[in-house]
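Biologist: I should like to learn how to read the features of a protein model in an orderly way. May we work through one case together?

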Amino acid sequence: MFAWSPDLNQSGPTEFVFRVFTAVPELQALLLLLFLLLYLMILCGNTAIIWAVRAHSSLRTPMSFFLSNLSFLEIGYTSVVAPLMLSNILGAQKPTPLAGCGAQMFFFVTLGGADCFLLAVMAYDRYVAICHPLHYALIMTQKLCVQMVVCALGLALFLSLQLTSLIFTLPFCGHRREINHFLCDVPPVLRLACADTRVHQAVLYVVGVLVLTVPFLLVCVSYVFITSAILRIRSAEGRRRAFSTCSSHLAVVLLQYGVCALVYLRPQSSSSVDEDRQFALVYTFITPLLNPLIYTLRNKDVKGALRKAISSKGTAEAL
């Protein structure tokens, strides 16, 4: 049952405000610096990967192409959230109009969904590279790679459009509603609707299955074949090298799908608003920060390209 609020007597278009993290000024300043630092590190790390892939011919491989697109998506969906979040940390509850909230949700779900689909595409790339190495260049052509990235983005765009448009047909009673979150994510916005949301919850669950469960199952199937192929390699060094090409991707997959599933696939009756906000911080700030670190540390080609770029820049400055 929808509880009465003084906002119900207010007239005007519906606006949303985000609940502040803390009202203590010192902690607000600390959080602002922390999240600003994380955001700048995300921008720098992922931009460095995109630049390295584009600037070095040794990195013009299908996996590097997918990695650069993954970095682009993560810059995008973090940037959808971070600027507005940073502006609201200091406690001034700036209202966000209904259309602005809908736009943020649409782009966040689109870019996050494309991220999940792209991780499944990258698993297929690893499957072809390890299970069919002699035919890898024939299968993973540039045309196919571009088509798979476009399909991942197009499918995410379609699902996000359907979900967002359905949610914002709901009535939100009152002029100003407070979201117990730092972004217009689907679960906290649904909690503010003053109507029956069971159909919308079901649609959210279906979209969550399509975006998270189905790609994760495809990743699992790919790694079953990959593991089988690795175990058939006779030399220990060969097995180690084959596994090292997959370990970074597997670490990112487990982190991304695991945290997102805890938010979008849990029954709403067992979910906590505060827990959802904590999990959202992980896949909004921590995962995009760890991805370039994981791939850079585990990928010798990327690491070598970045090292050459830094050394050449230092030489140029010295001259």
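Modeller: The discussion that follows takes up the overall fold, one helix, the cysteines and one further residue.

Modeller: Please keep in mind that this is a predicted model.

Biologist: How many helices and strands does the protein chain have, and which pattern do they follow along the sequence?

Modeller: A first reading assigns the secondary structure and then its order. The protein chain comes to 10 helices and 3 strands. Read along the sequence, these elements follow the pattern β-α-α-β-α-α-α-β-α-α-α-α-α.

Biologist: What share of the residues counts as buried, and what share of the contacts joins residues at least 24 apart?

Modeller: Of the 319 residues of the protein chain, 46% count as buried. Among contacts between residues at least 6 apart in sequence, 80% join residues at least 24 apart. As for the surface, the chain exposes about 16,000 Å², of which carbon and sulfur atoms supply 69%.

Biologist: Let us turn to a single helix. What span is expected for helix α1, and what span does it reach?

Modeller: The expected span follows from a rise of 1.5 Å a residue. Helix α1 covers residues 25-55, which is 31 residues, and its first and last C-alpha atoms lie 44 Å apart, close to the expected 45 Å.

Biologist: Which residues of α1 are buried, and why might positions three or four places apart be read together?

Modeller: The general idea is that an α-helix has 3.6 residues a turn, so residues three or four places apart point the same way. In α1, the buried residues are Q28, F35, L38, Y39, I42, N46, I49, I50, A52 and V53.

Biologist: How many disulfides does the structure hold, and which pattern do they follow?

Modeller: The structure holds 2 disulfides. With bonded cysteines counted along the chain, the pattern is 1-3, 2-4.

Biologist: Where does the disulfide between C101 and C184 lie, and what does it tie together?

Modeller: One reads the bond length, the handedness and then the location. The S to S distance between C101 and C184 is 2.0 Å. The torsion about their S-S bond is about -125°, so this disulfide is left-handed. C101 lies in helix α3 (residues 98-131) and C184 in the loop between β3 (176-179) and α6 (186-190), so the pair ties together parts that are 83 residues apart in sequence. C101 is buried, with a relative accessible area of 0%, and C184 is likewise buried at 0%.

Biologist: Is the disulfide of C173 and C194 left-handed or right-handed?

Modeller: C173 and C194 are joined with an S to S distance of 1.9 Å. Their torsion is about 80°, so the disulfide is right-handed. C173 lies in the loop between α5 (142-167) and β3, and C194 in the loop between α6 and α7 (198-231), so the pair ties together parts that are 21 residues apart in sequence. C173 is partly exposed at 27% relative accessibility, whereas C194 counts as buried at 18%.

Biologist: Why does C260 form no bond with C116?

Modeller: A disulfide requires sulfur atoms within 2.5 Å. The closest cysteine sulfur to that of C260 is in C116, at 5.1 Å, which is too far for a bond. C260 is buried, with a relative accessible area of 7%. C151, by contrast, is exposed at 54%.

Biologist: Finally, is Q142 buried or exposed?

Modeller: Q142, found in helix α5, is exposed, with a relative accessible area of 67%. Its C-alpha atom is separated by 7.3 Å from that of P62, although the two residues are 80 residues apart along the chain.

Key: Residues are numbered from 1 along each chain as its sequence is written. This is a predicted model: local features need pLDDT of at least 70, side-chain atom pairs count only at pLDDT 80 or more; totals for chains, interfaces and linings use all residues. Side-chain values use heavy atoms; hydrogens and water are left out. Helices (H or I, at least four residues) and strands (E, at least two) are DSSP runs, numbered from the N terminus. The expected span of a helix is 1.5 Å times one less than its number of residues. Buried means under 20% relative accessible area, exposed over 50%, partly exposed in between (1.4 Å probe, protein chains only). Contact means heavy atoms within 4.5 Å. Accessible areas come from the Shrake-Rupley method with a 1.4 Å probe; for residues, only the protein chains shown count as cover.
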